[in-house]
Every structure is written in C-alpha cells, then in structure tokens.
Amino acid sequence: MVSITLQMTADQIIDNMLLEIPTEIKQMFDSNYAIATKRYGLDLLAYEGGSHLTSYQFSADQQAQMHDLFLVVNQSPRMRDLYKAYLNQWQQSGGILFNQFVDVNASTKWGYWGALEYQNQDINTAPKYLGLMDFIQAQSQA
C-alpha cells in the first residue's frame, strides 16, 4: 500500500478520497447514525472531524516523501470541494453538529489537521478553510 501511495499524484489521492465519500464514508456515517439515534436516542455529532492524512506511520526513509505528498494534497484547491462533499455527506447521513478538529496548525508528520496552516494565512491559500466556510454559508442560506 505504501509503495502504491508513493507513486500517486496529489490529484489521484484526492480522486480516491472523493470516491470514498459516497461509499465507505457514507457507510460509516450511516452506521454511526443508526447506533446514535436508534440504539441510544442521541443526535449524531462529530467531535474531531476532518481529513485524516498522517505520515508518521511510514518508515523513516519514506516519511519525508509522504509528508511532501500529503502537504500538496492538503494545499490543493480541490480540497475545498472535497471538504464540501464530505460535509454534505455528513449532513445527508443525519449528522447535526460537526466540529473541525483543529482550526490553525502547521502540517507535520503527525497530521495535516488545521483548516489554516498558520494564524494569518491568506484564506485564498487555505482550501480546507474555504470548504468549511462554503458549507457554513450554504447552511445559512438554506
């Protein structure tokens, strides 16, 4: 799996992530919704949501390459649409409150968590942030 990922482009990784949203991700959301609502009578809430790419688990000789690749993925303008698709699926699957895991954080091998990479980042260079704001804006207009 690592060797395959290392040969992928950022666009191929994003394409795969987009394919997972209406399939594996939807199935996970729907399952969690059924457990929360039917079994426990609770709303479906997300405490630490967002993309989950990390490079720490790769071998030392692969970490730098994986970090660089995942950084390109996270900075890709396509992450904006990926985040909107992810959040729309969350809502379609019955999710109510969604909390982005981290608002501002530099990317490291431990994760690419932040919607912004640094406090004063130009939002036009922050596609995850823009996707979150697009989703919020759409909700306020609905």
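Select β2 (95-100), β4 (114-116) and α5 (127-141): each of them supplies at least two residues of the lining of the second largest pocket. Keep in mind as you look around that this is a predicted model.

Now colour α5 on its own. Which element gives the most to this lining? α5 does, with five residues. To find the middle of the pocket, show Phe98, Gln100, Leu132, Met133 and Ile136 as sticks; of the 13 lining residues, these lie nearest the centre of the second largest pocket. The space here comes to about 190 Å³. If you colour the lining by residue class, you should count eleven nonpolar residues, one polar and one charged.

**Next stop: the largest pocket**

Clear the selection and pick α1 (2-6), α2 (10-39) and α4 (78-92). Each of these helices supplies at least two residues of the lining of the largest pocket. Highlight α2 next, since this is a good one to follow by eye: seven lining residues come from α2, the largest share.

How much space lies in the largest pocket? The figure is about 580 Å³. Its lining is made up of 22 residues, and to land at its centre you can select Ile13, Met17, Glu20, His52 and Leu53, the closest ones. Switch to colouring by residue class again, and the lining of the largest pocket divides into 14 nonpolar residues, seven polar and one charged.

**Zooming out to the whole chain**

Go back to a cartoon view and walk along the chain from the N terminus. You will pass the elements in the order α-α-β-α-α-β-β-β-α, which gives five helices and four strands.

Now rotate the C-alpha trace to line up with its principal axes; the spans are about 50 × 35 × 20 Å. What radius of gyration would a compact globule with 142 residues have? The value would be near 14 Å, and the chain, at 16 Å, agrees with that.

Turn on the surface for the next view. The chain exposes about 8,500 Å², and carbon and sulfur atoms supply 54% of this area. Then hide the surface and look inside: 38% of the 142 residues count as buried.

For a last look, display contacts between residues at least 6 apart in sequence. Among these, 66% join residues at least 24 apart, so pick a few and trace the chain from one partner to the other.

Note on methods
Residues are numbered from 1 along each chain as its sequence is written. This is a predicted model: local features need pLDDT of at least 70, side-chain atom pairs count only at pLDDT 80 or more; totals for chains, interfaces and linings use all residues. Side-chain values use heavy atoms; hydrogens and water are left out. On a 1 Å grid over the protein atoms alone, a cavity is a set of points where a 1.4 Å probe fits but cannot get out, and a pocket is an open set with protein on both sides within 12 Å along at least five of seven lines; lining residues have an atom within 4 Å of a point. Grid points are joined across faces, edges and corners, and a volume is the space filled by probe spheres set on the points. Ala, Val, Leu, Ile, Met, Phe, Trp, Tyr, Cys and Pro count as nonpolar, Asp, Glu, Lys and Arg as charged, and the others, Gly among them, as polar. The radius of gyration is taken over C-alpha atoms; the globule rule is 2.2 Å times the number of residues to the power 0.38. Buried means under 20% relative accessible area, exposed over 50%, partly exposed in between (1.4 Å probe, protein chains only). Contact means heavy atoms within 4.5 Å. Accessible areas come from the Shrake-Rupley method with a 1.4 Å probe; for residues, only the protein chains shown count as cover.
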